[in-house]
Amino acid sequence: MPDRKPKTPLADQHMFLSPQLDNGEELEDGSDLDLIASTYRSVLDESAFDDMISGWERKLTTSDVGTSQTKVSRRLFGQLVTFRDMLDNLGVPASSDPLKVAVSEVPGPAAVISPNGRVATINIAGERAFGVRQGGQIDRALIAASSRDDYDALLRASSGHSNAAHAILTILPAAKDYGESLLAEAYLLRAAGQNRAHIALRSLEIAWAPRAGDRLQQAFGLTQAECDVAQLFFQFRNLETIAEKRRVSLLTIRTQIKTIMAKMEAPSNIELMRLLAMVASREQVGLTGGAPIWHDPLSRESIVQTSGGRKIAWTWMGDRHGVPVVMSRGMTMTYLLPAECEARLKEAGICLYLPSRPGYGNSTIDASLDFMEDNIVALREFLDRIVGRPCLGVGQADGVLPLVAEAAANPARFHGLIAVGYAGGFDIPGLQRLPKIQRVMLQLAGSAPWVAELMAKSGHRMMRQHGLDWYLERAFRSNPINQVTLRNPDWTALIRNACEHALKQGHVTFVRELQLTHYPIDAALRDLAIPLLYLAPLDDPGIDLDACRRLEKLNPKIAIEPVSDAAELILYQRGELVLDRIIALARQKK
């Protein structure tokens, strides 16, 4: 356990606990007024967030050199407090993300998938009907044989290899309460900046609301049994299936259907279906598709609950009983490795454990602990209760910092470590090389965490409103290789899931991650008694090879491997290479 240090005020819990106020004469240069104006405009103007970042960049540049805290005027502080109170009262904004709109504007099952069938977004009804979660893979068996040619034509069209743009597909639902089949429209949906189209799948069937039966009784005098039969007729359109469901004879069902038709004055089965559809649709007016809560797309997640009540969520890939490797993920947008990695891990006999760090997904934060202590306590609990033996540790971005701290404190925990991508603690001066939005947010997390919390809260709201692309464009627009990755909808389907994983519990996790970046890790690196391989993506703006070589001088057990054609999204860009190194080092201790 690292030595206890004075705790940085925890984001959101001790907001504005100890801001550094400027008690001197306030200069009337208008900079504070501009900052206040852009802060308030950000509620309605998505470009105003950039103006806020620029305003804080100027303020950080003009702050007193050598001070650890950024000072603000009392006027600015008061306006920021008012703005935060306003955010708390605004509620959750309606999303303008075209992918989310596609699944929310219909009450029935709906999903948007990438060209390879990966779910980019889905509604609650879609999770049940399609039997898959966001980030998971659509099972081709869900598409009826009669519709697969049309489905394949849409997949080809999404990559520009066909002219198909729309189809009506027959879906075989995973949940039988949707009937034996349902009809769905399928069409191409293009997101800004992406090189291929997504495919929207939206049910054309009208769900049978519980109140529909009440309407039938009130309007047509049907009995409860007749309402039940009418519902089954609406869902299955097959008398033999209804008889089987009701466990009665086919003759009984035919008699009941005739009685229903007489009461509803429907001269034919088609007219009966039309009337039932009319009743069902009236119960759906104004309804939308509910957004699901984030869940592990592999449906393998387990929860470790400690005696103190905290939860540590984890999942796995590869061979469940294989050689253990633990991956600690950072803020870079990765929750799972690409699907093709699963087969390689299984073939290599490796179980890749993927615990969710505190505040991510379904893992809870212990607010009484400093951000590093919180990570280490959760890591130790997971290693003791789930892994139970020395293993290889893999840390992505700042996710490696808790692994290094624990390995230095307890050398028998790991037989080796791999660091993947830029970690702030490895090269804190490297923060100055980052793009403006990351650089300013990280500086604020160190010198004015209460401002970083406010900016994160505002940014979280804007991302919910304007969609993931709003954030990704700002976070990665300065790096061409990342832009190429983000133009691929198969990758962004996974990135969307990773963002939901990071933000499930709100923006506080993001702020604590920014604070973790400033953690001084040199002492732990110097004390490492096990090998550490640092995979350094050369196109990551935070990476400087001279700074990386400093680590090799700090400890001869640290080795640097420069990785070309890779940046912050290295696990998508060079996933095979990363997997090669994981397999090779894990096998050394097999």
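**Exercise 1. State which residue in β14 stands opposite Ala 419, and describe how the strands concerned pair.**

Solution. In this predicted model, Ala 419 has Tyr 534 in β14 opposite it. The next step is to place the strands. Strand β13 covers residues 414–420 and strand β14 covers residues 532–537. Four bridges join β13 and β14, and the pairing is parallel.

**Exercise 2. Give the strand order of the open sheet of eight strands, and identify its edge strands.**

Solution. The order is β8-β9-β11-β10-β12-β13-β14-β15, and the pairing is mixed. At the edges stand β8 (302–305) and β15 (558–563), each of which pairs on one side only. With direction ignored, neighbouring strands of this sheet are turned by 25 degrees against each other on average.

**Exercise 3. Determine whether the faces of strand β3 are covered or open, and find the bridge partners of Ile 113 in β7 and Val 112 in β4.**

Solution. Begin with a general rule: side chains in a regular strand alternate between the two faces of the sheet. In β3 (residues 110–113), Ala 110 and Val 112 lie on one side, with Ala 111 and Ile 113 on the other. These four residues are all buried, and both faces of β3 are covered.

Next, consider the pairing. Strand β7 (residues 198–203) runs antiparallel to β3 and is joined to it by four bridges. Within β7, Ile 199 is the bridge partner of Ile 113. Strand β4 (residues 119–122) also pairs with β3 in the antiparallel sense, over three bridges. Within β4, Thr 121 is the bridge partner of Val 112.

Finally, examine the hairpin of β3 and β4. Five residues lie between the strands, and Gly 117 takes a positive phi near 90 degrees.

**Exercise 4. Classify Ile 168 and Ala 262 as buried, partly exposed or exposed.**

Solution. Ile 168 is in strand β5 (residues 166–171). Its relative accessibility is 42%, so Ile 168 counts as partly exposed. Together with Leu 183 and Leu 204, Ile 168 makes a nonpolar surface patch of about 250 Å².

Ala 262 belongs to helix α10 (residues 250–264). Ala 262 counts as exposed because its relative accessibility is 56%. Along the chain, Ala 262 and Ser 181 are 81 residues apart, and their C-alpha atoms are separated by 27 Å.

**Exercise 5. State which feature UniProt places at residues 219–276, and describe the helix and strand content of the span.**

Solution. The unreviewed UniProt entry places "domain: HTH luxR-type" there. In the model, residues 219–276 are 79% helix and 0% strand. The end C-alpha atoms of this span lie 12 Å apart.

Notes: Residues are numbered from 1 along each chain as its sequence is written. This is a predicted model: local features need pLDDT of at least 70, side-chain atom pairs count only at pLDDT 80 or more; totals for chains, interfaces and linings use all residues. Side-chain values use heavy atoms; hydrogens and water are left out. Patches are made of residues with over 30% relative accessible area and no salt bridge: like charges are joined within 9 Å, nonpolar side chains (Val, Leu, Ile, Met, Phe, Trp, Tyr) within 5 Å. Accessible areas come from the Shrake-Rupley method with a 1.4 Å probe; for residues, only the protein chains shown count as cover. A salt bridge is a side-chain nitrogen of Lys or Arg within 4 Å of a carboxyl oxygen of Asp or Glu. Helices (H or I, at least four residues) and strands (E, at least two) are DSSP runs, numbered from the N terminus. Buried means under 20% relative accessible area, exposed over 50%, partly exposed in between (1.4 Å probe, protein chains only). UniProt positions are given in the numbering used here, feature names are shortened, and annotations may be inferred rather than shown by experiment. Two strands pair if DSSP finds at least two bridges between them. Axes are lines fitted to C-alpha atoms, for helices over the stretch in contact, and angles run from 0 to 180 degrees between N-to-C directions.
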